[in-house]
Every structure is written in structure tokens, then in C-alpha cells.
Amino acid sequence: MKTKIDVHDLCKGMYVTELDRPWLGTPFLFQGFEIHTNEELEQLRQLCQYVYVLSGDELARTQAQRSRSGTGAPPTTRTIVAKQLDYAVTETSSRAIPKSGMPPSLYPDQTPVEEELQQAVEVERNARETIYSILDDARLGRSVDTPRAKKVVGQMTESIIRNPDALVWLTHLKKKHEYTALHSLRVCVLALALGRHLGYGPETLNILGIGALLHDIGKLRIPLDILDKPEALTRDEFEIMKQHVPNGLKILESAEGFSAHALEVVGRHHERYNGNGYAFGLSGDTIGEFGLISAIVDTYDAITSDRSYHLSLSAADALKIIYEGREKAYHPWLTEQFIQCMGIFPIGSIVEMSTGSIGVVITANRTRRLRPRVALVLSPEKKPYTPVEIVDLMTLTHDTKGKPVEIKTMLPSGTFGINPTDYIPIQHH
Ligand SMILES: [Fe+2]
């Protein structure tokens, strides 16, 4: 039996099954959840006048059902807000996000990037086909093929764990068209790379990854003239644009096997740390670690991509913008970790060496961030090297005259007409 109750009479431990307003307009991702924190009590009191809760018997029955089914959610009232899940996810949204310090480094690189790229190319192609087909399905009103999406995200996770540089390299192959599909893919790769850096286990990475892959699925219901409008959106148009978040949640509600943690990415990637985001106006750690991560990687990819309304920024400039937005738009510690993870000299950056040569950063060095591997493209006299010379700054520390060799400065994208993707260390792509 459910009981109608005034929000002021609510307390922790109660299981809310219904609100006095539609769930979609609230920060709670799914219908039915147990109140665990004062913040949730506060949110309910702000949003509602009364709610329905399960009576003691019903609650006990539901809990018994949950532990029997092992799904962590009652069968008819799929759960909830990220923080309260009794998922087998311990390192993510259910934890307090650290304020400082380094995450555990769980994963030594297992393959060199050249080797990983051979597999990553296949994985990326498969992922691209999958996201196109999922978006087509959603466009036609068909439900999301969750098993297919999970399979491909699993492959991406494995590649990222072996060596994240390969898939990150492939995200540099940008096309202006088909933005939503390819953006989704890149946000997935970036979220996985950051998750790996944060020391998430494979299971957690898979959940983060599938949310990231489908984070913008609700854009399918937004008119193209708004999505691709070159000028700034009007107030009304922006209101329509914002709807892609609840739209996405709605589309995924009907998908089987889609976890609430993954939905946190879909529902909260436009929330901002200071509360200035949408769709729910959450702030601080309440947004959840997955929500906060997706805000960072989504913005990073958007500003490093060519769009109808702006040209892309270099990785370094994008990182600088995000860094300036820490505390305000983005979680400060997660911002720092993202920058750590992308490297001081992100893959694909054009750099000038202390020798005067010009190069492209081709792989990160996760332990010595100032000393990545660089493909030297132009000589000190700015003449092309043919073939391109690859130097590993870990081993090459001094030139033949005994002068130190290091990166002097990073150059803006497009300098000397260099297209970094020409130097992906792979033979066929
Ligand atoms: Fe979005």
C-alpha cells in the first residue's frame, strides 16, 4: 500500500514511489527511490507538496525482492538518482568525490599505441556503425539496442584500458557533418579515458561509457534548424534545445538493461557545478561524479570541434578554457584530473622544440608528462622532414651537440598548415 504524505513529514529511509508532479521535471532520474540524504529530503521539499511512500510491509517486500533479483531495483519502479543505488559500483557516484590528491593508477599501458591502433580502428568503426544505427532506431521510434551498445562499449573499454592513446587519437579524425553521432562517440572515448585515469574498474567504465555514448540521444527530437543554427539561439530556441535532456531520458526509459548510473550521464551532462546548468539546476557534488565528468568531456569535445557556429580550438586552448571554468562550471578536482589525463601536451598538439624543429605530439607519456613522443615534421629551417622523424623525449634528452631537447612551446592548431591527424602512427586509416 502506498501512503500519501506531506513532504515535511518525510524522513530518511522512506521509499518514495510517486510525486505530486511528473518525474521528468525533477532531478530524480527514475520513479521510486529510497531517501538516503538530507539533500534529497531538501530537494523533495522544494519540488513537491506531497509524495506517496510505500508502507512498512510493502517496503520490506520490495527490499526482499531487490535482494532476490539481485538487480538492485524493484521490478516495476526502476530506480533512481545516482547516489542511492546499491549497485556493484563503488568507485563512482556513490562515493564522495575527492577534493585533492591523485587517483590510484590501476592500469599500466599494456600495448604500444602503434599496436593498439590496429585494434582500435576496428573498434572505432564498429562503434560508429552502432551509434548510427541506434540513432536511426531512435529516430524511427524503435527502442535502443542496448545489448549491441553494451558490446561495443565493452570493446572500447578494453582498448582504453590497454592503451587510451589509440582511441583518443581516432577522436581527432573529426568531420563537420554528422555531429551528434561522432560527438557521442568522442565523448564516450574521453569519458572512458578519464575514468581509466580515475582508477575505475572495467564494470564502472562500461556503465560510464554507455551513458556517454547515448548522452545526446534526445537531440533526435530537436529540429535541425535549431541544432545547426549558425547564430546564437533565441531564448525560445534554447528552451527547445534544453529539451534534449528529458527527451533522452524518455527514450532510454524504454530501453532494457540501461542502468541508472548510465542515465546520470544523459540526465546531467548539462548541469554545472555552480548550479547554472540545466535541466534540473543541480549544483556541487549532488550532480554526481558521472554527471560532473560528462559536463567536462562534453564541453571539451564541443569546443575542439568545428561547428556551424564556431571553429575548433586546439586541445590546449580547450583545456585552458575548462581550467578557467573550474569551481564555476566544472568540478575543480575532476577538471584537474582531466587535464592530467589529457596531458600537458595533448596528443595531436603542434609543438615547437628547443632545437627549432616543429613536431606533433603522437603519444602521451603518462609518467613524465613533459616528455611525450613527438613526430618531427619540420626542420629548424622549417623544411619538411621526409620521412617524418619520431623522437621519444624520454630517451632523447640531448642533441648531438649536448644541448637539451625539450618542448619549447605549443603552437595554435593549423600552424604551418600542419594537420596532426596526418601523423597518427598507423599505416592505414
Ligand atoms: Fe547535450
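**Reading a helix pair and a core**

Trainee: Where should I start, and how do α9 and α10 pack?

Mentor: Start with that pair, keeping in mind that this is a predicted model. Helix α9 covers residues 235-242 and helix α10 covers residues 244-253; they pack at an angle of about 20 degrees, with axes 5 Å apart.

Trainee: How do I read that angle: are α9 and α10 roughly parallel or roughly antiparallel to each other?

Mentor: Angles under 35 degrees count as roughly parallel. So α9 and α10 are roughly parallel to each other. On the α9 side, Ile240, Met241 and Lys242 make the contact, and on the α10 side His244, Val245 and Pro246 do. Sorted by class, that's four nonpolar residues, one polar and one charged.

Trainee: What about the inside? Which residues have the most contacts inside the largest nonpolar core?

Mentor: The general idea is that nonpolar side chains tend to be buried together in soluble globular proteins. Here the largest nonpolar core has 89 residues, and Met156, Leu214, Ile217, Leu252 and Tyr300 have the most contacts inside it. Helix α6 (residues 179-197) gives the most to this core, with eleven residues.

Trainee: Which residues does Met156 touch?

Mentor: Leaving out residues up to four places away in sequence, Met156 touches Val123, Ala127, Leu167, Leu185, Cys188, Val189 and Leu192. Another core, of twelve residues, lies apart from the largest one; Ile5, Val16, Leu19 and Val51 are among its members.

Trainee: And the chain overall: how many helices and strands are there?

Mentor: You'll find 14 helices and nine strands in the protein chain. Of its 429 residues, 55% are buried.

Conventions
Residues numbered from 1 in each chain as written. Predicted model: local features only at pLDDT ≥ 70, side-chain atom pairs only at ≥ 80, totals over all residues. Heavy atoms only, no water. Helix = DSSP H or I, 4+ residues; strand = E, 2+ residues; numbered from the N terminus. Buried < 20%, exposed > 50% of the residue type's maximum accessible area, 1.4 Å probe, protein only. Axes fitted to C-alpha atoms, helices over the stretch in contact; angles between N-to-C directions. Parallel < 35°, antiparallel > 145°, perpendicular 65-115°, else oblique. Contact = heavy atoms within 4.5 Å. Nonpolar A, V, L, I, M, F, W, Y, C, P; charged D, E, K, R; others polar. Core = buried A, V, L, I, M, F, W, Y, C linked by side-chain atoms within 4.5 Å.
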